[in-house]
Amino acid sequence: MAFLRQYVLSIVTASLLCSVLMGLTAKTKVKELTKLLCCVFLSVTALKPLVGLDLDRWLQESIPYQEEAQSCIAQGEEFARSAQADIIKSKAEAYILDKAAALNGNLEVEITICQEGTPIPERAVLSGQVSPYAKGQLAEILEKDLGIAKENQVWIG
Amino acid sequence: MKKVIWALLILLCLAPQASAAEITAPQIPQAAAERMPEHTDSFGEGLWELVRSTLFRLRPHLAEGCKSCLSVMAAVMLASVLRAFPGCIQSVTNLAGTVCIATTLLLNTDAMIRLGADTVRQLSDYGKLLYPVMTSAMAAQGGVTASAALYTGTALFDAALSSLISGALIPMVYLFLALSAANSAIGEDLLKKMRDFLKNAISWSLKTILTVFTTYMSITGVVSGSTDAAALKVAKVTISSVVPVVGSILSDASEAVLVSAGILKGAAGVYGILALLTLFLEPFLRIGIQYLIFKATAAICGIFGGHSASSLIEDFSTAMGLLLAMTGAACLLLLISTVCFMKGVG
């Protein structure tokens, strides 16, 4: 604001000076010349600060916005992936429990979701009481329906 | 049926919990929090509440503005009476009248200019908090290309506009007023052209920035929106053709996340718009009232005062008009951007 005060003050001072000068000059050709000189003086005083505008600084400031946008997008994608992973985990576990119940099994399931790429089930830890036949059937279901390879199925108990 | 109920229960439990922590509109600054409407979930109700409370708070400012204009009218009348006396030096009376009017009006005008500059800064600061949230929400909804383009465009134009306003246009308004006062003091319209040039330069700068911004937003919306929609469609087809059951689960989960991200984005957008309007409306109306009061004063002074006095007051009202344009442009830019974010993918 100090710059502004200085600027307005210089304009007001210059215009008052011009006003006094023109008031003192008699109506002759000298008055015309004074008028012209006053105009030039006022124009220079008024336009002087506009010459100092730094346009390069504005252009420099615009560069990081693309990076900020990418960072926000990464956060949004991570949010979506994490929400998807939670839903898929719950639905896959519910699916296995449903199948186990149909085979008279009493299981507890813990699904691990793939950390990179598409959030698909990667590993399953199954614990509880289940017959060997049901175990075989469930292992097949886990591999065929949910894409969890047999080596990634851990049976406890 | 059992599966559907399970899926719905899981969705209801998971989606809001996961989302609420991450995609929420930023809180309005503490200073303006008391002006924020209570109903931020419904845009119509919130807007109505905001308008009503803002209009109620404007009354003291109206009275204050009228008082200073009565002083100006008294000064103009006194100058007219003095001018009527034989032997009075016209130029001295003119100069004294101008100084009197300018000093009286400058008090209010300076306060309004500061208010306008503060409002633009507050709007820009709030925008800087809101747009990352909207960008994340839009990216979560699948609008990766569109959100990048919208964020970059908004941030760039907002920074350009707020720097232009605080660094150049506000000083130009002061300059415009100084030139008007000087022109009125000299009494020979020497600086009229330069004063008009400044006025045109300010309005031209604002119009250009807004036109370029809306054009950019329109083109970006169409181009990147359709790109994202096509990418989403391809992703859905690919997902559902993976392993049969897991493909269908993945597709359902993806759909659920898109819907919940859309809901959260909409809620954040409505809150954001109301917050922007809360920051904007009261200062804008205060400047607007000052503009109308100056216009009315100029009209009344035109009856009994000289041309230069009336013209000077008219110039002060023009300065208020320019200030209205600046705050309006800053708010409009952010509102357009928020609506574009809310419009979503496709």
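**Close-up views of a predicted two-chain model**

**Figure 1. Residues lining the largest cavity of the predicted model.** In this predicted model, the largest cavity is lined by Ala79(B), Arg83(B), Asn94(B), Gly97(B), Thr98(B), Ile101(B), Ser184(B), Ser308(B) and Ala309(B). Two or more lining residues are given by each of the chain B elements α4 (59–84), α5 (90–140) and α9 (307–343), and α5(B) supplies the largest share of the lining, with 4 residues. Sorted by class, the lining of this cavity consists of 3 nonpolar, 5 polar and 1 charged residues. The space in the largest cavity is about 40 Å³, and a search of the whole structure for cavities of 30 Å³ or more finds 1.

**Figure 2. The tilted aromatic pair of Phe157(B) and Tyr216(B).** Over all chains the structure holds 5 aromatic pairs, and one of them joins Phe157(B) to Tyr216(B) in a tilted arrangement, with 5.9 Å from centre to centre and 45 degrees between the planes. Because Phe157(B) belongs to helix α6 (residues 144–186) of chain B and Tyr216(B) to helix α7 (residues 192–240) of chain B, the pair ties together parts that are 59 residues apart in sequence. Phe157(B) has a relative accessible area of 15% and is therefore buried, falling under the 20% cut-off, whereas Tyr216(B), at 28%, is partly exposed. Together with Phe213(B), the residues Phe157(B) and Tyr216(B) form one aromatic cluster.

**Figure 3. The surroundings of Asp315(B) in helix α9 of chain B.** Asp315(B) is a buried residue with a relative accessible area of 7%, and it lies in helix α9 of chain B. When its neighbours within four places in sequence are left aside, Asp315(B) is in contact with Phe176(B), Leu177(B), Ser180(B) and Arg195(B). Helix α9, which holds Asp315(B), is also one of the elements that give two or more residues to the lining of the largest cavity, and among the residues of that lining are Ser308(B) and Ala309(B).

**Figure 4. The surroundings of Glu282(B) in helix α8 of chain B.** Helix α8 (residues 244–304) of chain B contains Glu282(B), a buried residue whose relative accessible area is 10%. Apart from neighbours within four places in sequence, the contacts of Glu282(B) are with Arg35(B), Thr54(B), Arg57(B), Leu58(B) and His61(B).

**Figure 5. Chain B as the setting of the preceding views, built from 9 helices and 0 strands.** From the N terminus on, the elements of chain B follow the order α-α-α-α-α-α-α-α-α. Of the 346 residues in chain B, 53% are buried, and among its contacts between residues at least 6 apart in sequence, 85% join residues at least 24 apart. The accessible surface of chain B amounts to about 15300 Å², with 70% of this area belonging to carbon and sulfur atoms.

**Figure 6. Chain A, with 5 helices and 3 strands.** Read from the N terminus, the elements of chain A run α-α-α-α-β-β-α-β. Buried residues account for 35% of the 157 residues in chain A, and of the contacts in chain A between residues at least 6 apart in sequence, 52% join residues at least 24 apart. Chain A exposes about 9500 Å², and carbon and sulfur atoms supply 59% of this surface.

How values were computed:
Residues numbered from 1 in each chain as written. Chains lettered and ligands numbered in written order. Predicted model: local features only at pLDDT ≥ 70, side-chain atom pairs only at ≥ 80, totals over all residues. Heavy atoms only, no water. 1 Å grid on protein atoms, 1.4 Å probe; cavity = no way out; pocket = protein on both sides within 12 Å on 5 of 7 lines; lining within 4 Å. Points joined across faces, edges and corners; volume = space filled by probe spheres on them. Nonpolar A, V, L, I, M, F, W, Y, C, P; charged D, E, K, R; others polar. Phe/Tyr/Trp six-rings, centres within 6.5 Å; stacked < 30°, edge-to-face > 60°. Buried < 20%, exposed > 50% of the residue type's maximum accessible area, 1.4 Å probe, protein only. Contact = heavy atoms within 4.5 Å. Areas by Shrake-Rupley, 256 points an atom, 1.4 Å probe, with all protein chains shown as cover.
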